[in-house]
Amino acid sequence: MQILKPVGYVHLHVHSSYSLLEGALKIGDLVSCYADIVKVGRTSITINVQVWATPHYEPAEPEMVTEGTFTYVAIDQDRRPRPVPP
């Protein structure tokens, strides 16, 4: 059973000095993304994602840039909810 459909591209954004994330990311910063599964339901999964940045050119502690909670619903070929694979 295939869970995700493969894609033939990757979409990236590059901005000159700062990113659009509240201006908190500078080019060259180390960016770390962390995700936790919050809940697995019968037809959906909810995850929490945090994005942290550590300045590259100066000593500093990592700082949380943004976070979000996302719910993905498994759908069948007719776009109706279907059970999440085990």
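In the predicted model, a salt bridge links the side chains of Arg80 and Asp76, with an N to O separation of 3.6 Å. Arg80 takes part in a further salt bridge with Asp78, in which the closest N and O atoms lie 3.1 Å apart. The structure contains 2 salt bridges, and Asp76, Asp78 and Arg80 are thereby joined in a network of such interactions. With respect to solvent accessibility, Arg80 is partly exposed, its relative accessible area being 49%. Asp76 is likewise classed as partly exposed, at 25% relative accessibility. Asp78, by contrast, is exposed, with a relative accessible area of 52%. The assignment of Asp78 follows because its value of 52% falls in the class defined as over 50%.

The strands of the model are arranged in an open sheet of 3 strands, in the order E1-E2-E3, with antiparallel pairing. Strand E1 (30-40) and strand E3 (63-73) form the edges of this sheet, each pairing on one side only. On average, and with direction ignored, neighbouring strands are turned by 20 degrees against each other. In general, strands of a sheet pair through backbone hydrogen bonds, in either a parallel or an antiparallel manner. Here, E1 and strand E2 (residues 44-54) run antiparallel and are joined by 10 bridges. Within the sheet, Ala35 is placed opposite Val49 of E2.

Two residues of strand E2 were examined in detail, namely Ile45 and Thr46. Thr46 counts as buried, at 14% relative accessibility; this classification applies because the value lies under the 20% limit. The side chain of Thr46 forms a polar contact of 3.1 Å with the side chain of Thr71. When residues up to four places away in sequence are not counted, Thr46 touches Asp36, Ile37, Val38 and Lys39, together with Thr69, Phe70 and Thr71. Thr71 therefore appears both as the partner of Thr46 in the polar contact and among the residues that Thr46 touches under the 4.5 Å contact criterion.

Ile45 is partly exposed, with a relative accessible area of 24%. Its C-alpha atom lies 8.3 Å from that of Phe70, although Ile45 and Phe70 are 25 residues apart in sequence. Phe70 is also one of the residues touched by Ile45. The other contacts of Ile45, with residues up to four places away in sequence not counted, are Ile37, Lys39, Val40, Thr71 and Tyr72. The contacts of Thr46 include Ile37, Lys39, Phe70 and Thr71, and these residues are found among the contacts of Ile45 as well.

Outside the strands, Pro55 is located in the loop between E2 and E3. Pro55 counts as partly exposed, at 24% relative accessibility. The C-alpha atoms of Pro55 and Ile27 are separated by 9.2 Å, the two residues being 28 residues apart along the chain. Contacts of Pro55, not counting residues up to four places away in sequence, are made with Asp29, Ala60 and Glu61.

How values were computed
Residues numbered from 1 in each chain as written. Predicted model: local features only at pLDDT ≥ 70, side-chain atom pairs only at ≥ 80, totals over all residues. Heavy atoms only, no water. Pairing = 2+ DSSP bridges. Helix = DSSP H or I, 4+ residues; strand = E, 2+ residues; numbered from the N terminus. Axes fitted to C-alpha atoms, helices over the stretch in contact; angles between N-to-C directions. Salt bridge = Lys/Arg side-chain N within 4 Å of Asp/Glu carboxyl O. Buried < 20%, exposed > 50% of the residue type's maximum accessible area, 1.4 Å probe, protein only. Polar contact = N/O pair within 3.5 Å; in protein donor to acceptor, adjacent residues only side chain to side chain.
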